[in-house]
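The exercises below are meant to be worked through with the model open beside the text. Each task is followed by a solution that goes step by step.

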Amino acid sequence: MKFISLGSGSSGNCYLLQSGETSILLDAGISIRSLKKHLKDCDVSLEHDVKAVFVTHDHADHIKSVGCIACDYGKTIYATQLVHEGIACNRCLKIDVPNNRKAFIEKGTTLEVGNFRITPFDVPHDSRDCVGYVVEADGVRFCLITDIGHVTDTIRQQVGLAQYLVLESNHDINMLLMGKYSPYLKERISSDRGHLNNEQAAYLLAEYATPQLRHVWLCHLSEENNHPELARKTMETVLRQHGIIPGVDFKLDVLKRKSPSEFYSLT
């Protein structure tokens with residue numbers, strides 16, 4: 001399996017997984033022009049190689065291009081019924097997803113697309129609905145968990161089972177509280193339906209990661225209320241307090257907000 005982040009943050013989120021001749025996208029919240037360019041740069045064709053898009057939730061930074069991908073490229077958009085309803089109501093979409101390109105998923109039910117086995121699970125967030133994804137192929141278990149309002153038993157379980165993990169580390173709580181956002185927005189972000197902060201992500205990983213975990217990517221960092229090095233330092237400090245050494249016990253990287261990561265091989 002191969003993995004690349006094409007964008008991770010409030011400006012747009014999109015991740016590509018590839019196994020053999022099968023490629024899928026997790027979210028499509030970047031512009032179609034950027035998406036096509038980034039895919040071309042890693043020798044992937046949206047038209048010929050990408051089989052489907054799996055959506056976590058209906059916020060604009062996760063769905064910006066799904067209408068175009070469905071209509072112009074004939075790709076199936078997988079989401080829960082509530083997420084599809086939210087997509088249909090979201091004014092950020094210039095093109096609606098046609099009914100014949102909608103596929104409905106259910107939390108806890110595994111489906112197969114090409115080489116992939118994909119299982120959605122519940123994630124608390126202030127959207128109509130929100131899921132994380134476990135994606136399995138080639139003997140590898142990959143997990144994406146983003147836009148997390150609070151940590152649930154399901155999330156703890158998935159972190160404990162992951163070999164490769166993309167995990168939200170959205171904001172530094174002090175930067176958020178001292179920053180220029182309105183009181184309403186600060187409360188929304190820090191609420192139990194908002195986003196996971198650096199310390200929450202660090203303690204989740206410190207307490208529930210297992211020796212099978214090989215690589216962690218911190219995702220969805222706030223541009224206003226976080227910094228890549230701060231997110232990394234917070235994570236490393238908490239992990240070391242629990243006897244876990246990043247770079248020794250598993251690799252740790254911070255995904256870029258507006259540009260692609262490297263193309264990782266997951267073995």
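**Exercise 1. Describe the hairpin that β1 and β2 form, and give the residue with positive phi in its turn.**

Solution. The model is a predicted one, and the hairpin is the starting point here. Strands β1 and β2 are separated by 6 residues, and within this turn Gly 9 has a positive phi of about 160 degrees. The two strands, β1 at residues 2-7 and β2 at residues 14-19, run antiparallel and are joined by 5 bridges. In this pairing Phe 3 stands opposite Leu 17 of β2.

**Exercise 2. Determine which strand β1 pairs with over 2 bridges, and whether β1 is enclosed or not.**

Solution. Strand β14 (residues 264-265) pairs with β1 in the antiparallel sense over 2 bridges, and here Phe 3 stands opposite Tyr 264. Turning to accessibility, 5 of the 6 residues of β1 are buried, so the strand is largely enclosed by the rest of the structure.

**Exercise 3. Write down the strand order of the open sheet, then place helices α1 and α4 on it.**

Solution. The open sheet is formed by 7 strands with mixed pairing, in the order β6-β5-β4-β3-β2-β1-β14. Its edge strands are β6 (102-104) and β14, each of which pairs on one side only. Helix α1 (residues 32-41) packs on this sheet, where it touches β1, β2, β3 (22-28) and β4 (50-54), and its direction makes about 145 degrees with that of β1. Helix α4 (residues 81-89) also packs on the sheet, touching β5 (76-79) and β6, with a direction at about 120 degrees to that of β5.

**Exercise 4. Is Asp 129 buried or exposed, and with which side chain does its own side chain make a polar contact?**

Solution. First locate Asp 129, which lies in the loop between β8 (116-122) and β9 (131-137). Its relative accessibility is 12%, and because buried means under 20%, Asp 129 counts as buried. Its side chain makes a polar contact of 2.6 Å with the side chain of Lys 107. Leaving aside residues up to four places away in sequence, the residues that Asp 129 touches include Thr 56, His 57, Asp 58, Leu 82 and Asp 122.

Terms used. Residues numbered from 1 in each chain as written. Predicted model: local features only at pLDDT ≥ 70, side-chain atom pairs only at ≥ 80, totals over all residues. Heavy atoms only, no water. Buried < 20%, exposed > 50% of the residue type's maximum accessible area, 1.4 Å probe, protein only. Helix = DSSP H or I, 4+ residues; strand = E, 2+ residues; numbered from the N terminus. Pairing = 2+ DSSP bridges. Contact = heavy atoms within 4.5 Å. Axes fitted to C-alpha atoms, helices over the stretch in contact; angles between N-to-C directions. Polar contact = N/O pair within 3.5 Å; in protein donor to acceptor, adjacent residues only side chain to side chain.
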